[in-house]
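Work through the exercises below with the coordinates loaded. Each task is followed by a solution in steps.

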Amino acid sequence: MDAEKYVIGLDFGTDSVRALLVATQSGAEIACAVSLYQRWARGEYCIAQQSQFRQHPLDYIEAMQDAIKALLAQIDKSLVNKIIAITIDTTGSTPCAVDETGTPLALLPDFDTDPDAMFILWKDHTALKEADEINALAKHWEIDYTKYSGGLYSSEWFWSKILHVTKKNTKVAAKAFSWMEHCDWMPALLTGSKHVLSVKRSRCAAGHKAMWHADFDGLPSKEFLSKLHPSLGQLRDRLYQETYTADQSVGHLSQEWASKLGLPATVKVGVGALDAHLGAVGTGIEAYSLVKVMGTSTCDMVVVPADEFSGLVHGICGQVDGSIIPNMLGMEAGQSAFGDVYSWFKQILEFPTKEILKDMLTEDQLKQASEAILPKLSAQAAEIPVTVDDLVALDWVNGRRTPDVDLTKKGALFGLTLGTTAPHIFKALVEATAFGSKAIMDRFIAQGVQIKQVIALGGISKKSAYVMQTLADILNVPIKVATSEQACALGAAMYAAVIGGCYSNIKEAQLAMSSGYDQVYLPQSDKVAVYQQLYQRYLKLGEL
């Protein structure tokens, strides 16, 4: 008799949701389905020039239903009743104002087209001033509530965004009973939660994005928040005190959602978490691994046994007990732009085809030309010798996340001449993103966190051998690439296997379900020494 059980990892990314069905014993990825957010794809509710990026909750709901239905359509119906659990990961910090029932305000008739009533996406930078206010107050308060957040608070995070909306939109602020991260709302929705105060909040999101810590008795004090804005002090009582790690269950699918998704009501739903953190789990992260989630931006994850490190790493995105692996300190860093740097340059080069040749070429020809740009740049950049006199770039085209968050920072190119070509510029941009990665790794090491191995996952790790080889040369370490193309969803599935009772802890699930690694990039010794000199130029130019 087949005793195999199955779990679903739901990975809500920036553009789409992925549903992954995994066998709990073998770790085999049985089926996968992806569904785009339709309103987001049309650019609705976003103003890129103002760094405003909002997503309507209906995008999440509709895409989730489409993805799971597409997933189930790929498998034999006999397997459906063997699906035992779902765990969800999402981007973050991506909070939303909700009413008492935990319903996002954008789902109410009076707020359905108000961007401030929607989920404020992780990369929304409209709260720069509010982040400055939080940092200024924290440095003069009796307790520095930013100390477990790297000593600096970001405009990308929970309180900055809430403060911004509170000051800007009195209608939303007055109606908001509470606020919820996307990774908290989805499990609450699926289990039929009726009141926001009963929702189990993610330790991962709370610790890294909302300054929650046991030493603070939870969130920052009411007095501190009231000093920022009286409404924030009042809000604290309507948020949460306790947080939960991803190995805990929220409950079972409600009858309503079991019916909508075509799943048994016996399916358990896990506490949600942030996508990059579960991506690290999906790669098999262990103590002192540096896991790089490489996409439009990067998130860099390290876990350290809680009893082996008592310091504070300055300038990162937080260190939180249990945020990635229970009983380990989860440390997060990252770059605000990685693949986005390359996309920006690609858009620059697309000007002739989009503005001059658009009436001369077919839509397919325009698409083929666009898709050929980065591969051609990579091939030619790889042929350019690396010298100490090369062009050097700064990678902060979307600000700097870590080390030392400052999202007002800008990108730059140094050393342009009349002989500089597009491949030369692309080479410098790729190196700049790798230099940014090295700055993060060096910060961990300098502050007492050893790095024993580097693991990569995400689209860039699979698609660009040139970027990965450059990164290995600049970091001067081997880089393993995770086999699974859905590592975040796989990590979510591993936690689902734990809450479903197949494994007693996440380590057991990782050992049984890991996809392993399909490639290793080794440093090229002839380039390492040159890159060390170029990196020093990068640091000095950054100081300007």
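The exercises concern a predicted model, beginning with the whole chain and ending with a single loop residue.

**Exercise 1. Overall dimensions**

Task: State how many helices and strands the chain has, and compare its radius of gyration with the globule rule.

Solution:
- Step 1. The secondary structure amounts to 20 helices and 20 strands.
- Step 2. For 544 residues the globule rule gives 24 Å, and the radius of gyration of the chain is 23 Å.
- Step 3. The two values are close, so the chain is as compact as a globular protein of that length.
- Step 4. Along the principal axes, the C-alpha atoms fill a box of roughly 65 × 60 × 60 Å.

**Exercise 2. Burial, contacts and charge**

Task: Describe the burial, the contact range, the surface and the charge distribution of the chain.

Solution:
- Step 1. A residue is buried if its relative accessible area is under 20%; 58% of the 544 residues are buried.
- Step 2. Take the contacts between residues at least 6 apart in sequence: 72% of them join residues at least 24 apart.
- Step 3. The accessible surface is about 21500 Å², and carbon and sulfur atoms account for 51% of this area.
- Step 4. There are 49 positive and 61 negative side chains, with 2 Å between the centres of the two sets.

**Exercise 3. Helix α6**

Task: Determine how many residues of α6 (residues 182–190) are buried, and say what follows for its surroundings.

Solution:
- Step 1. The buried residues include His-182, Asp-184, Trp-185 and Leu-190.
- Step 2. The count is nine of nine, so α6 is largely enclosed by the rest of the structure.
- Step 3. Just after α6 comes Gly-192, whose phi is positive, at about 75 degrees.

**Exercise 4. The β2–β3 hairpin**

Task: Give the sense in which β2 and β3 pair, and characterise the turn.

Solution:
- Step 1. β2 (residues 16–23) and β3 (residues 29–36) pair in the antiparallel sense, over seven bridges.
- Step 2. Ala-19 is opposite Ala-33 in β3.
- Step 3. Five residues lie between the two strands of this hairpin, and Gly-27 in the turn has a positive phi of about 80 degrees.

**Exercise 5. A loop residue**

Task: Is Thr-146 buried or exposed?

Solution:
- Step 1. Thr-146 sits in the loop between α3 (128–140) and α4 (158–168).
- Step 2. Its relative accessibility is 0%, so Thr-146 counts as buried.
- Step 3. Leaving out residues up to four places away in sequence, Thr-146 touches Asn-135, Ala-138, Lys-139, Gly-151, Leu-152, Tyr-153 and Met-211.

Methods: Residues are numbered from 1 along each chain as its sequence is written. This is a predicted model: local features need pLDDT of at least 70, side-chain atom pairs count only at pLDDT 80 or more; totals for chains, interfaces and linings use all residues. Side-chain values use heavy atoms; hydrogens and water are left out. Helices (H or I, at least four residues) and strands (E, at least two) are DSSP runs, numbered from the N terminus. The radius of gyration is taken over C-alpha atoms; the globule rule is 2.2 Å times the number of residues to the power 0.38. Buried means under 20% relative accessible area, exposed over 50%, partly exposed in between (1.4 Å probe, protein chains only). Contact means heavy atoms within 4.5 Å. Accessible areas come from the Shrake-Rupley method with a 1.4 Å probe; for residues, only the protein chains shown count as cover. Lys and Arg count as positive and Asp and Glu as negative; His and the chain ends are not counted. The place of a charge is taken as NZ of Lys, CZ of Arg, CG of Asp or CD of Glu. Two strands pair if DSSP finds at least two bridges between them.
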